[in-house]
Structures are given as C-alpha cells and as structure tokens.
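I opened this notebook to record what I looked up in one chain, entry by entry. The sequence and the model come first, and my notes follow.

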Amino acid sequence: MGTNESHVDPVAFLEHLRAFRYREVTMALATLSVIAGSVVFFPGVEGMTSGLQSDVSAEILALFVGVAILAGAIKGMIGFGYALIATPIFASVIDPTLAVVVLAIPPWMLNMFQVGETDTGMTFIREEWVLLVLAIIGAVVGVAVLDAVETGPLVPFLIGLVVFGYVLFQLGQGFVTVEKAHHPVAMSVAGALEGFLLAVANLGPLLPAYFHTFERDTERYIGGLSMVLGAIFTVRIVQMALFTDLMTPYRLWLGSVIAVVTLVGLFVGTYLRRLEIDERRFNWFVIALLFVISLNIFRQTIPALFL
C-alpha cells in the first residue's frame, strides 16, 4: 500500500543539506516555514483553544498532537499517505471544515520534501501542462465549494467517500490486472478531480492511484506528481488565506504546529522501519482502520444527507 511518498533518512539528509542538494534545501525551507508560522501566529497561552469550538479543550489539542505523531510515524514507516490517517480522525473530533483547513499545512510541508526527488518533475510539467492547469482549477473550485458549505454533513461525507474508495482500490489491486497505458485526457481529468478533492476533503489519492495503475513509470510520475501536488497545496493555502475566511491566523498557527509535530512522528517512523516490521500485515491493519473510520463517518452523515 505504499505510495509515491519517500522516506527520510536523517543522516543522509544532513549530508545532502551541507552539499546544498536541491531536495534537502527545499525540505529545510519548508520546515523553517512551518516553524516560523508556529511562532509568528502564536495566539498566546490563553488563546491556544480560542480558534476551535468552545467544547474543545487542551486535552483535545493533546490528542491532535498524538494523532499527528502517529500519522507521521506511519508515513515514515511505510510511506503511506499522512492525510488519509489524520484527516478523518481530526474531522470526527472537530468541525470537519476546520480539520480540512488546518490539515492543509502538514501535507504541504511533506510534499515539499518530495519536490526534487527525481530530475523528471519539470520535464513532466512541460509535457503534461494541461494536467497542472486543470489540477489548479479543480483546487480553486474546491476551495470555493468548501467556503460555501462550511457547515453541514457534506464535507465529512466526502471525506468518508474518499477514504472508502481508497480502501476499495487497495483491496482490488490484487484481483484486477490493468495494462500499462498513457491517456493524457484521462490523466488530466484525474488531475482536476485530484485538485477538487484535496481542496474539499484534504484527501486526494485519485491521481496517485491513476499513476500507479496506468503510468507505472516511477521516476517520471513521482517527479511530476510532486510538482502537481505542490502547486495544488500552495494554491489552496493562498486562496484560503487571501480570498476566503477559511484560513485565519489562528488556523495557520495550529496547522503549522501540527506540521512541526508531524516531523517528530516522521523521524520516529523512519527509525522504526529499521526494526523489520511486517509491512504487509501493517498495511492490512491500516486498511482495516480506514475501513472502520469510513463506516463511522457514513453512519453519522448519510442519515442527515439522504434520510
């Protein structure tokens, strides 16, 4: 179930950073950005819970820290999508729209870690620029929809739907064989839907799944995907901060703090990966966990939407 996300080796990272390697410099800048956000937008000790619902306490914030570390550790161990773990759990505790907005920051940071992973990113964008444009358009539309339906069960339902779809994709991989193919139109449509889903639900396994299923050119699509996702996340955050009321200074602070905490989990997971954990069994455990989470979301949202 591993995705295209790469693992982080702390020792190699420091060596490459001293050599001013592009990827490591980008990672350092992304890390410094979230650290700066957690300092600059700090609301004060008394205001640490002021931007959340009145019933959210310091204990809930501590839970967020734990979930961020857990999701980061899982990503560090198996390269599994951070947001697929963190977003539905956060959305079941606080307002789902708030969860989607706040959790836009950590995946942005993690995706910046992968920019420059290969030398194929810019070549991919030059060849598939329509995909990038449609992905950005999808993200802009998605943020507008999120802003319009800030309350209600639609956002958590979409989160559950994406998680459930990902579970089905993982279950079906071993039973369906698809020939390798390159379909620019289909890929561009997948990119537009990717941008929309990331903006509305902070979850976008569609485009990675498409690349994994059809393209199968790892060097090419890892570099390209990192550029596309980096653009989507950047556009999302800028649009929410400048053109809507979604990304407030408090939410920027909270998202930055969660991103910083995520780094702890990421390095813990990198260390645990050396302990020869049975990755296949662990993957199935995560799939089962996501399946339970999606069913719980459906239990809460389907009656309100359709009954």
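Is glycine 224 buried or exposed? I found glycine 224 to be buried, with a relative accessible area of 0%; I keep in mind throughout that this is a predicted model.

**Entry 1: glycine 224 and its surroundings.** I placed glycine 224 in helix H12, which covers residues 218–242. I then looked up its C-alpha distance to phenylalanine 124, and the two atoms are separated by 5.1 Å although the residues are 100 apart along the chain. Phenylalanine 124 came up again when I turned to valine 228, which touches Phe124, Ile125, Leu131, Leu132, Ala135 and Leu207 once residues up to four places away in sequence are set aside.

**Entry 2: the chain as a whole.** I counted 14 helices and zero strands, so I read the order of elements from the N terminus as α throughout, because each of the listed elements is a helix by the run-based assignment. Of the 307 residues, 50% count as buried. The accessible surface comes to about 14,100 Å², and 68% of that area belongs to carbon and sulfur atoms. Among the contacts with a separation of 6 or more, residues 24 or more positions apart account for 85%.

**Entry 3: the nonpolar core.** Which residues have the most contacts inside the largest nonpolar core? I noted Met109, Ile159, Phe211 and Val228, in a core of 84 residues. As general background, nonpolar side chains tend to be buried together in soluble globular proteins.

**Entry 4: two covered helices.** I looked up helix H6 (residues 105–114) and found ten of its ten residues buried, so this helix is largely enclosed by the rest of the structure. The buried residues of H6 include Trp108, Met109, Leu110 and Phe113, and also Asn111 and Gln114. Helix H4 (residues 82–91) is mostly covered, with nine of its ten residues buried; among these I listed Tyr82, Ala83, Thr87, Pro88 and Phe90.

**Entry 5: asparagine 202.** Where along the chain is asparagine 202 found? I located asparagine 202 in the loop between helix H10 (184–201) and helix H11 (206–215). Asparagine 202 is buried, because its relative accessible area is 1% and the cut-off for burial is under 20%. Leaving aside its neighbours within four places in sequence, I found asparagine 202 in contact with Ala83, Thr87, Val100, Leu103, Ala104, Pro107, Leu197, Phe233 and Arg236. Of these partners, Ala83 and Thr87 are among the buried residues of H4, and Pro107 is among the buried residues of H6.

**Entry 6: aromatic pairs.** A search of the whole structure gave me eleven aromatic pairs. The rings of phenylalanine 157 and phenylalanine 298 have centres 5.8 Å apart and planes at 50 degrees, so I recorded this pair as tilted. The pair links distant parts of the chain, with phenylalanine 157 in helix H9 (residues 154–172) and phenylalanine 298 in helix H14 (residues 279–306), 141 residues apart. Both phenylalanine 157 and phenylalanine 298 are buried.

Phenylalanine 157 also forms an edge-to-face pair with phenylalanine 306, at 5.5 Å centre to centre and 70 degrees between the planes. This second pair again links helix H9 with helix H14, across 149 residues. Why do I count phenylalanine 157 as buried? Its relative accessibility is 13%, and the cut-off is under 20%. Phenylalanine 306, in contrast, is exposed, with a relative accessible area of 55%. Ring pairs link Phe157, Phe164, Phe291, Phe298 and Phe306 into a cluster.

**Entry 7: glycine 165.** I found glycine 165 in helix H9, where it counts as partly exposed at 34% relative accessibility. The C-alpha atoms of glycine 165 and proline 205 are separated by 9.0 Å, and the two residues are 40 apart along the chain.

**Entry 8: a surface patch.** Which residues make the nonpolar surface patch of about 560 Å²? I listed Leu29, Leu32, Ile35, Val39, Val40 and Phe41. Valine 39 lies in helix H2 (residues 22–40), and I noted valine 39 as exposed, with a relative accessible area of 58%.

Technical notes: Residues are numbered from 1 along each chain as its sequence is written. This is a predicted model: local features need pLDDT of at least 70, side-chain atom pairs count only at pLDDT 80 or more; totals for chains, interfaces and linings use all residues. Side-chain values use heavy atoms; hydrogens and water are left out. Patches are made of residues with over 30% relative accessible area and no salt bridge: like charges are joined within 9 Å, nonpolar side chains (Val, Leu, Ile, Met, Phe, Trp, Tyr) within 5 Å. Accessible areas come from the Shrake-Rupley method with a 1.4 Å probe; for residues, only the protein chains shown count as cover. A salt bridge is a side-chain nitrogen of Lys or Arg within 4 Å of a carboxyl oxygen of Asp or Glu. Helices (H or I, at least four residues) and strands (E, at least two) are DSSP runs, numbered from the N terminus. Buried means under 20% relative accessible area, exposed over 50%, partly exposed in between (1.4 Å probe, protein chains only). Rings of Phe, Tyr and Trp (its six-membered ring) pair if their centres lie within 6.5 Å; planes under 30 degrees apart count as stacked, over 60 as edge-to-face and the rest as tilted. A nonpolar core is a set of buried Ala, Val, Leu, Ile, Met, Phe, Trp, Tyr and Cys residues joined through side-chain atoms within 4.5 Å. Contact means heavy atoms within 4.5 Å.
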